[in-house]
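Hello,

Here is the structure I promised to pass on. Please have a look at it first, and then read my notes on its aromatic rings below.

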Number of protein chains: 2
Amino acid sequence: MSASRKAYVKHLDLKNGRVDMSHGSGGRAMAQIIEELFLAALDNPFLRQGNDGAVLPSEPGRLVVATDAHVVSPLFFPGGDIGCLSVHGTINDVAVMGAKPLYLAAAFVLEEGFPLADLKRIVDSMAAASREAGVPVVTGDTKVVERGKGDGVFITTTGFGWLPEGSNLGGERARPGDAVLVSGSLGDHGMAIMSRRENLAFDSPIESDTAALSGLIQEMLETGADIHCLRDPTRGGLATTLNEIAGQSSVGMMLQENAIPVKPVVEAACEFLGLDPLYVANEGKLVVVCAPEDADRLLAVMRGHPLGRDAARIGVVQEDRNGFVQMETRLGGRRIVDWLSGEQLPRIC
Amino acid sequence: MSASRKAYVKHLDLKNGRVDMSHGSGGRAMAQIIEELFLAALDNPFLRQGNDGAVLPSEPGRLVVATDAHVVSPLFFPGGDIGCLSVHGTINDVAVMGAKPLYLAAAFVLEEGFPLADLKRIVDSMAAASREAGVPVVTGDTKVVERGKGDGVFITTTGFGWLPEGSNLGGERARPGDAVLVSGSLGDHGMAIMSRRENLAFDSPIESDTAALSGLIQEMLETGADIHCLRDPTRGGLATTLNEIAGQSSVGMMLQENAIPVKPVVEAACEFLGLDPLYVANEGKLVVVCAPEDADRLLAVMRGHPLGRDAARIGVVQEDRNGFVQMETRLGGRRIVDWLSGEQLPRIC
């Protein structure tokens, strides 16, 4: 993002103005929206460099990079919006690799006619999330598509951080006997989106759990516990995440249904809509696979953090050359928790 | 991008199939499209890691990061498509900073109903461009939006590389007396897009110049010439790029119109459509600001490279506290080459 240093004759109308095609054409109007809307909110010395990219201090060793396109609909939902979500989602992808997220890049695809006031609200929300997590947006890009060729705003963020020496997390490291933990209740984000889409009303509204997990993860890593894998169970929910890990590690898992935390209101909404909370997306939850002897120690640390208060041990890794994730149900039966096979919840993140 | 290691009952129908919402939902269908379409084309050990991000060997010093959303319309155009364009564009943004581009991340927003055959053609084109430039796609993401909420395919790429010690390029480094060079003819990419959109037919069709400039730039840097700034004049064209540099460096420029290379067919198309080639996007051209005594040496190196055959010295940096870019016209007059003020060519990249 580079911007002219000139003063503009007229400021952007951030109250009643709308995105128009000129905001993406590389000329003066684009420089103005970058300066008065994006830079104004996200300002930091890297973004201010104003060249075609950012120059960042680098470390030797191993760089972690994660990228995510965000197309959530609606753009604003109980507990968050596409702005903070696009910051949290990518920070989490870097953090679960074991790295401390340090920088973000952000690329926007805006639809012609989108209200500048809504765009400002979204960018302000990104800025707040970025500040809170201590991860600045260091470079960016803005494109505009014609009305009807997009859907308000899409935001792709890319995050970076460096892996500490000796760090070695990965989906292929789950071993029979390992404990499986989650950091809190499942399905909150997906059901917050769905309840807004379906206009469901509950006594206590369902709020998205969107949050940056990097602080919690940092505390967990500092314990020195033998953590084998961390994942944030987003699209496809817990079930999909555990099937991915089981597949990568060629192991099975046995879960205890009555140990899996799900809020009553989320459970009720799922039942109403015919959804299974195990397949519903989370945006501020963590799945942990660790050595069994370290599970209690990790749970204690997690429960001491605001984002891990409801952490629970939900199952165990076991030998299984079929790679099945199974669950002992509340009624004492067993069932296979398979991959999500079709579409469950589109545009959830 | 993580994918299941399982065999699928039925392979994707890459001939007649279409993108559907399930390809973005995080379940089995998404794992399958990643495995059979994206990984099949872009395969490399980093992408195969299958975690939430990629782990890359890092270097101490300075990391360069650039990100670009690509929304070009039409997706296929003479001389290229959105696939190779999204690779070239971001490689160029990293290269003009003075770094050797090493890795790319790619995030796709697909529209429901988009033909898988077209998607495969695009991803194959990305893969070919990535291989040719020696810059692998190391991590990625795929989202799907409903029909009518996108426009086929949008691709955001983010590129990385490390700056060599002592390297110091930037838009703020232009000094009065510096020479201004371009690597070849202007306006080819923009007019290739426009001629396709407007169904213009010429005896010799206009082809996009989309190309990775990293090889050319590497050769130029190796000369040790005193280069102050490199830029690829994309959206907004040469005029906008020079105005940005003039603004960042608080200098003016004087161009010679008759020294600026424009192909006759591009000039004719511009005239027909009422466009000025100085404002039309390029995707494989380089603007160079350098010490005047090194200009001839650089021009010789550029002309020896396939992407710089028509390189030319087109102007000089001069003192000007107003930061005006001016041009001596073919007729001997002078005019100000101002910022592009409105929309000229939407969705050109």
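Let me start in chain B with B:F108, which is buried, at 0% relative accessibility. Please keep in mind that this is a predicted model.

What does B:F108 pair with? Across all chains there are 7 aromatic pairs. In one of them B:F108 meets B:F38, with 4.6 Å from centre to centre and 55° between the planes, which makes the pair tilted. The two rings come from distant parts of the chain: B:F38 belongs to helix α1 (residues 28-42) and B:F108 to strand β5 (residues 100-111), 70 residues apart. B:F38 is buried too, because its relative accessible area is 0%, and the cut-off for buried is under 20%.

Another pair in chain B joins B:F46 and B:Y103. Here the centres are 5.5 Å apart and the planes stand at 80°, so the arrangement is edge-to-face, given that angles over 60 degrees count as such. B:F46 sits in the loop between α1 and β1 (54-58), while B:Y103 is in strand β5, so this pair ties together parts that are 57 residues apart in sequence. B:Y103 has a relative accessibility of 9% and therefore counts as buried. Together with B:W162, the rings of B:F46 and B:Y103 make up one aromatic cluster.

Finally, have a look at the charges over rings. In chain A, the charged end of A:R121 sits over the ring of A:F76, 3.7 Å from its centre. In chain B, the charged end of B:R121 sits over the ring of B:F76, 3.7 Å from the ring centre.

Enjoy exploring it!

Best wishes

Terms used: Residues numbered from 1 in each chain as written. Chains lettered and ligands numbered in written order. Predicted model: local features only at pLDDT ≥ 70, side-chain atom pairs only at ≥ 80, totals over all residues. Heavy atoms only, no water. Phe/Tyr/Trp six-rings, centres within 6.5 Å; stacked < 30°, edge-to-face > 60°. Helix = DSSP H or I, 4+ residues; strand = E, 2+ residues; numbered from the N terminus. Buried < 20%, exposed > 50% of the residue type's maximum accessible area, 1.4 Å probe, protein only. Lys NZ or Arg CZ within 6 Å of the ring centre and 35° of its normal.
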